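Student: I should like a close look at one part of this structure, namely the salt bridges. Please guide me through them step by step.

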Amino acid sequence: MSDTFVVATRIPMGREAFEQWLETPAPGTEVIENPGAMYDGWFWDGKAPDWRLAEEGPTPREYFADCFGEDTGGLTYVLRYREGALEAYLMHFGFCESNIYTALVMLAAAGRSSSVAAPSVVLFWAETSGSMFAADSDAWLATLSVGVDGARFAADLDLAAPIAELRTAESSYFELLVRLAEVEESVGAEGKSSFAAIARDPRYVDAAVLADS
């Protein structure tokens with residue numbers, strides 16, 4: 001199993017809805033119809049999720065702003081509003097369970113603000129490079145359908161369109177990795193501040209996420 005875990009989605013919504021989502025406290029697991037079915041039908045089939053690790057109460061702005069600071073450990077995030085949608089590509093080096101479960105409930109709640117009737121898909125997987133699998137791969141860890149009618153885990157979703165829609169975010173993630181690697185190779189003691197500056201670049205994180213940080 002890889003040491004790199006990713007949560008990614010693209011949820012169509014208006015700019016105002018995106019900023020309202022940033023200010024809305026994280027719900028509990030009740031936002032997901034079947035939280036216990038998170039891993040059903042995929043690589044970790046039979047594994048029980050531990051939703052006690054999800055943080056309840058902080059807003060996405062409060063929560064994610066801390067992920068773009070100098071002491072973010074193994075996090076490399078793309079989180080932005082782009083071309084009419086919330087776009088997230090959240091890489092975790094290691095199974096950062098609290099971060100992953102918290103991101104999932106926040107993104108489940110974001111689905112309520114979708115500007116389209118069809119649900120979006122939140123993908124969760126493990127892959128050393130952080131790249132996405134093929135749509136028909138059985139290596140996904142979880143797929144969460146989110147929309148105006150609610151959120152639920154399902155293993156029978158057509159992933160072709162969600163994967164295609166996330167290619168731009170995936171490219172931005174790899175661009176971010178390259179920039180961080182270049183700094184690591186060339187910068188000494190000032191590395192941390194340089195890492196933080198790159199992570200907070202508006203190409204990767206919307207300014208509204210950092211508004212109060």
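Tutor: Glu83 is exposed, since its relative accessibility is 65%, a value over the 50% cut-off for that class. The model under discussion is a predicted one. The side chain of Glu83 meets that of Arg82 in a salt bridge, with 3.2 Å from N to O. Arg82, in contrast to the exposed Glu83, counts as buried at 18% relative accessibility, because the buried class covers values under 20%.

Arg82 also forms a salt bridge with Glu87, and here the closest N and O atoms are 2.9 Å apart. Glu87 is buried, its relative accessible area being 0%. These contacts belong to a wider arrangement: Arg10, Arg80, Arg82, Glu83 and Glu87 are joined into one network by salt bridges that share partners. The general principle is that side chains of opposite charge can pair when their charged atoms come close.

The structure as a whole holds 13 salt bridges. Another of them links Asp206 with Arg15, whose closest N and O atoms lie 2.7 Å apart. Arg15 is in helix H1, which spans residues 15-22, while Asp206 is in the segment after helix H6 (191-199), so this pair ties together parts that are 191 residues apart in sequence. As to their surroundings, Asp206 is buried, with a relative accessible area of 9%, whereas Arg15 is partly exposed at 32% relative accessibility.

Technical notes
Residues are numbered from 1 along each chain as its sequence is written. This is a predicted model: local features need pLDDT of at least 70, side-chain atom pairs count only at pLDDT 80 or more; totals for chains, interfaces and linings use all residues. Side-chain values use heavy atoms; hydrogens and water are left out. A salt bridge is a side-chain nitrogen of Lys or Arg within 4 Å of a carboxyl oxygen of Asp or Glu. Helices (H or I, at least four residues) and strands (E, at least two) are DSSP runs, numbered from the N terminus. Buried means under 20% relative accessible area, exposed over 50%, partly exposed in between (1.4 Å probe, protein chains only).
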